[in-house]
Amino acid sequence: MTNTWQDIRNANVVIVMGGNAAEAHPCGFKWVIEAKIENGAKLVVVDPRFTRTASVADYYAPIRPGTDIAFLSGVMRYLLEKDAIQHAYVRAYTNASLLVADGFAFEDGHFSGFNGETNTYDKASWNYEFDDQGFAKADDTWQNPRCVINLLKQHVSRYTPEMVSRITGTPQDKFLHVCELIASTAAPDKAMTSLFALGWTQHSVGAQNIRAMAMVQLLLGNIGVAGGGMNALRGHSNIQGLTDIGLLSNQMPGYLSLPTDKETSFDDYMKTKLFKPLRPGQTSYYQNYGKFVVSLQKALWGDAATKENNWGYDWLPKLDVPLYDIIRAFEMMNNGEMTGYICQGFNPLQAFPDRGKIRRGLSKLKFLVTMDPLDTETSRFWQDFGPQNPAKSTEIQTEVFQLPVTCFAEESGSLVNSARWLQWHWKAAEGPGKAMADIWIMSGIFHRLRDMYRKEGGAFPDPILNMTWKYTNPTAPDPEELAKEMNGRALADLTDPVTNVVTKTGTLLDGFGQLKDDGTTASGCWIFAGSFTEKGNQMARRDATDPREQGIAPNWAWAWPANRRILYNRASADLDGKAWNPKKPVIEWNGTRWTGIDVPDYIPTTKPSDNVGPFIMNAEGLGRLFALNLMAEGPFPEHYEPFESPSENVLHPKVPNNPVARVFADDRASFGHRRDFPYVATTYRLTEHFHFWTKHALINAILQPEEFIEIGEVLAKEKGIAQGGWVKVSSKRGEVICKAYVTKRIKPMTVDGKATHVIGVPLHWGFTGQARKGYGANTLTPSVGDANTQTPEFKAFLVNIERTAAPAT
Amino acid sequence: MPLTRREFLKVTGVGLAAGSLGMLGFGASGVAQAAAVRPFKLAHTTETRNTCTYCSVACGILIYSMGDRAKNALSNIIHIEGDPDHPVNRGTLCPKGSALLDIVHAPTRLKAPRYRKPGGTEFEEVSWDFALDRIARLMKEDRDKHFITQNAAGTTVNRWTSTGMLAASASSNETAYLTWKVARSLGMVVFDNQARV
């Protein structure tokens with residue numbers, strides 16, 4: 001989230017698209033209701049189903065799964081055509097005026113630079129036009145046809161209301177009414193907030209779904225302001241924290257990237273991370289990248305990381321492919337290329353697409369380790385549970401270790417919420433039986449390996465032997481010690497060049513502004529610098545005081561970065577430093593510095609007249625309507641059909657799907673066609689359940705005891721399916737036999753002239769826990785991911801459905 | 001006399017003693033009636049601030065446990081409710097959060113390390129030492145066999161692709177950071193968490 005949960009109350013329009021906050025995030029959704037009651041906000045919901053979020057909306061529009069880019073491109077076309085954009089904001093704070101290089105083009109579904117043999121792009125032309133000094137050229141009058149804003153107008157011109165309706169199935173009048181509501185927030189003192197979740201990410205074009213809405217928000221001047229922003233409602237209690245700390249194939253803590261094979265030395269690695277400003281006088285804060293990396297290396301390797309050995313650069317693994325993501329991991333397993341897999345609090349047998357492939361992959365491992373508080377399906381993949389998990393145990397040679405771990409109530413530590421708050425929590429009891437903390441288990445494995453490498457030697461032991469491990473109890477480090485290590489310390493006396501204040505050796509740092517690239521500071525996660533200082537554990541703060549009652553609560557816990565609660569908040573003020581919305585100011589220029597209820601996302605003493613852009617992490621200081629070379633599919637979002645789709649791509653039939661999606665051959669062979677699988681399916685959570693955990697909790701197992709699918713009345717009648725009757729739902733990859741819930745909440749849509757039915761597949765069931773046994777939605781889903789993130793396409797795929805007899809009991 | 005919710009609980013929770021009822025303005029009959037009422041259950045518990053383990057709204061919760069954290073007392077969690085002081089959830093919990101007690105005490109909570117042999121049909125209980133020794137040995141064998149120090153072009157790459165790990169998105173930052181250190185020191189690149197889904 002760019003903003004906070006409580007800040008939603010400041011919105012004038014709340015759009016929920018790509019999520020269902022009322023059911024998946026109920027206690028956060030209260031702030032939407034607060035916005036309606038206290039601020040007269042309009043709630044707009046665009047969703048394939050009439051969800052409980054839709055049931056309290058001021059306006060609801062249906063949409064076919066997987067067509068959000070077409071819808072949002074139509075919105076952009078509407079805003080540009082009606083001139084419903086916040087002009088001053090767009091001119092000064094976005095790259096609308098910048099000129100794009102001559103070679104850039106879009107034709108017949110491809111952007112310039114496409115190579116049809118490798119299905120990759122040469123992105124050289126996805127860039128600005130530069131002057132002699134290396135600065136991007138601009139035309140503030142927008143007369144030049146190569147201005148980003150003009151190329152955007154041209155790109156979205158194809159998305160007329162007729163075309164949008166033909167692709168999305170949203171009736172034109174409903175689409176236009178949503179456009180009107182969105183456009184109302186182009187006024188400088190009005191804001192719209194976008195609330196979304198996996199309804200946008202779980203597509204082969206997931207990242208571009210989100211970009212499309214971010215562009216809408218930039219055109220409306222809704223980023224950085226109270227009641228605005230792009231608000232990803234994240235799904236797990238610390239999924240934000242694990243992202244922040246870089247527990248992802250290609251990441252290091254604080255969004256630093258893991259080196260690749262091409263970056264053969266530390267200097268090579270840094271060459272692409274210099275972030276020279278692309279416009280005169282811009283902050284381009286990532287110019288400090290070297291300080292963050294060197295401080296991380298010092299935290300990891302201590303005295304062993306020196307300037308002479310390039311801060312231990314060789315001890316970091318290098319990537320030869322963009323990602324060793326999970327879809328790739330299971331492909332490798334199925335190909336016999338993996339030996340072991342450790343699943344810490346993660347249940348891939350239920351969570352990853354094409355369940356049969358997941359089971360076959362696990363069966364080929366030499367060993368599997370699960371660490372979990374609960375008895376997961378993954379840990380029992382080798383046991384026969386009937387049709388829900390058919391397995392021949394004696395033929396499966398995988399060694400399996402099922403390790404019991406403590407849960408949230410049995411440990412202390414911090415979690416990062418969706419609004420980037422690091423909240424400390426405290427242990428209330430010991431775990432059951434012999435259950436141990438993850439920290440103890442990981443330390444135990446590490447010590448054993450380190451001892452063996454010390455005694456026996458082996459493959460490249462240096463990074464293991466040099467890893468810092470200076471904890472009071474090395475076998476069970478205290479969470480506070482680890483939190484301090486992430487925050488960072490001075491490794492030498494540091495003198496502030498401006499104030500001459502000396503930070504003594506060993507002192508905890510106050511913020512990332514103190515970090516150095518000469519080895520005199522250590523910080524395990526630079527964006528967390530300031531979370532645990534000499535003043536104590538800032539994450540443990542519990543003062544709920546909220547100045548102006550505006551949803552900031554600056555002294556409750558601590559937010560990264562720098563305890564800033566609204567990102568890009570410089571953009572909440574106009575060019576003179578006055579709030580666009582005087583009733584809800586965030587920060588303003590008082591003549592000498594930026595002040596307000598939030599920590600400025602800006603150098604606090606930079607004058608408004610200095611023309612420094614508010615998006616200080618971007619090298620041109622501007623919000624990007626044109627994404628340069630940072631997205632896999634192109635600088636503008638484009639509608640591509642889901643890999644399993646009921647319709648051809650009417651915009652460019654020869655390029656139906658995301659042209660740069662990575663699809664493994666066996667996965668492509670497992671895609672179904674609309675001839676055999678005529679119905680669109682989409683997966684989701686129920687409000688009574690959390691993934692595959694709560695079926696282990698008695699109350700939740702009682703509330704929603706068994707697997708079912710949702711089907712509209714028209715299709716149910718057509719197929720002779722009764723309320724509560726048994727059905728067989730099948731895709732090319734497998735079948736699920738369960739009950740049907742016939743509902744008014746899903747209605748057929750007309751897509752390209754044809755009636756299109758949607759089937760809803762809640763995802764919570766498996767074969768362990770207290771609920772009845774189920775197959776799991778991932779029995780049906782295809783193994784293909786977003787081209788940038790490889791997040792699987794769970795939200796739009798094809799199935800067939802037939803009435804069937806009740807299974808024998 | 002204005003009382004906050006917490007003070008109210010403190011005053012009334014002690015077993016509704018006559019004095020405290022007087023403070024609340026009850027008359028003599030009220031005192032007599034209250035004397036017959038069972039003492040408020042949570043008065044003898046220890047209150048711990050924590051965060052709901054499910055979604056990322058991160059509702060504040062209060063965990064009530066029997067036991068006073070004395071060295072020889074084992075805490076037992078008996079009640080969990082929303083933290084009324086929390087600025088986001090303000091004391092409320094959803095259908096999942098309201099049932100947190102049932103997940104803490106789920107019958108399928110794991111209580112001992114278990115091991116399944118190749119081709120085995122059942123789990124068997126093992127010691128932590130057995131499990132961790134064996135896991136470390138299997139990891140070392142695989143790492144020593146498949147670790148890639150240089151690619152075909154002769155570039156130093158130092159990666160390990162044949163053993164992978166999925167990290168837990170409900171674990172703390174501190175667990176996550178330590179896990180990162182362990183995985184990357186081994187050169188692991190097949191490494192993700194639920195954010196990938």
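**Figure 1. Val14(A) and the company it keeps in the core.** In this predicted model, Val14(A) touches Ile8(A), Val32(A), Ala35(A), Ala41(A), Leu43(A), Thr193(A) and Leu195(A), leaving aside neighbours within four places in sequence. Val14(A) is also one of three residues, along with Val148(A) and Val216(A), that touch the most other members of the largest nonpolar core, a set of 274 residues. Helix α10 of chain A, residues 206–220, gives this core its largest share, 10 residues. Apart from that core lies another one of 29 residues, including Ile721(A), Ala740(A), Val761(A) and Leu763(A). In soluble globular proteins, nonpolar side chains tend to be buried together.

**Figure 2. The five-stranded open sheet of chain A.** Read across the sheet, the strands come in the order β3-β2-β1-β8-β9, with parallel pairing. At the edges sit β3 (59–61) and β9 (230–232) of chain A, each pairing on one side only. From one strand to the next, the twist averages 20 degrees. For a closer look, take β1 (residues 13–17) and β8 (residues 192–196) of chain A, a parallel pair held over four bridges. Here Ile15(A) has Ser194(A) in β8(A) as its bridge partner.

**Figure 3. Strand β16 of chain A, covered on both faces.** All five residues of β16(A), 421–425, are buried. Trp421(A), Gln423(A) and His425(A) point one way, while Leu422(A) and Trp424(A) point the other. That fits the general pattern, in which side chains of a regular strand alternate between the two faces of the sheet. Which strands pair with β16(A)? One is β15 (residues 413–416) of chain A, antiparallel over four bridges, with Val416(A) standing opposite Leu422(A). Another is β23 (residues 558–559) of chain A, also antiparallel, joined by two bridges, and there Trp421(A) faces Ala559(A). Four residues separate β15(A) and β16(A) in their hairpin, and Arg420(A) in the turn has a positive phi of about 70 degrees.

**Figure 4. Some unusual backbone in the loops.** Most residues other than glycine have a negative phi, and most peptide bonds are trans. The loop between β23 and β24 (587–589) of chain A holds Pro561(A), and the peptide bond leading into Pro561(A) from Trp560(A) is cis, with omega near -10 degrees. Ala562(A) lies in the loop between β23 and β24 of chain A and has a positive phi, near 60 degrees. Ala562(A) counts as partly exposed because it has 17 C-beta neighbours inside 10 Å. Elsewhere, Trp311(A) has a positive phi of about 60 degrees although it isn't a glycine; look for it in the loop between α13 (289–301) and α14 of chain A. Is Trp311(A) buried or exposed? It has 24 other C-beta atoms within 10 Å, so Trp311(A) is buried.

**Figure 5. Helix α16 of chain A and what packs on it.** Within α16(A), residues 355–363, the buried residues are Arg355(A), Lys357(A), Ile358(A), Arg359(A), Gly361(A) and Leu362(A). They pack against α14 (326–334), α15 (348–351), β13 (367–372) and β29 (734–743) of chain A. As a guide to reading the view, an α-helix has 3.6 residues a turn, so residues three or four places apart point the same way.

**Figure 6. Where chain A meets chain B.** The contact draws 134 residues from chain A and 104 residues from chain B. On the chain A side, helix α17 (residues 438–456) provides the largest share, 10 residues. Sorted by class, that side has 73 nonpolar, 42 polar and 19 charged residues. Strands pair across the chains too: β14 (residues 399–404) of chain A and β4 (residues 114–116) of chain B run antiparallel over three bridges, with Val400(A) opposite Arg116(B). Glu456(A) belongs to α17(A) and counts as exposed because it has 10 C-beta neighbours inside 10 Å.

**Figure 7. Chain A taken as a whole.** Chain A has 22 helices and 33 strands. Its C-alpha atoms fill a box of roughly 80 × 70 × 55 Å along the principal axes. The radius of gyration of chain A is 27 Å, which agrees with the value near 28 Å for a compact globule of 809 residues. Buried residues make up 60% of the chain. Among contacts between residues at least 6 apart in sequence, 72% join residues at least 24 apart.

Definitions and conventions: Residues are numbered from 1 along each chain as its sequence is written. Chains are lettered from A and ligands numbered from 1 in the order in which they are written. Two residues are in contact if their C-beta atoms, placed from the backbone, lie within 7 Å. Ala, Val, Leu, Ile, Met, Phe, Trp, Tyr, Cys and Pro count as nonpolar, Asp, Glu, Lys and Arg as charged, and the others, Gly among them, as polar. Two strands pair if DSSP finds at least two bridges between them. A residue is buried if 20 or more other C-beta atoms lie within 10 Å of its own, exposed if 12 or fewer, and partly exposed in between; C-beta atoms are placed from the backbone. A nonpolar core is a set of buried Ala, Val, Leu, Ile, Met, Phe, Trp, Tyr and Cys residues joined through C-beta atoms within 7 Å. The radius of gyration is taken over C-alpha atoms; the globule rule is 2.2 Å times the number of residues to the power 0.38. Axes are lines fitted to C-alpha atoms, for helices over the stretch in contact, and angles run from 0 to 180 degrees between N-to-C directions.
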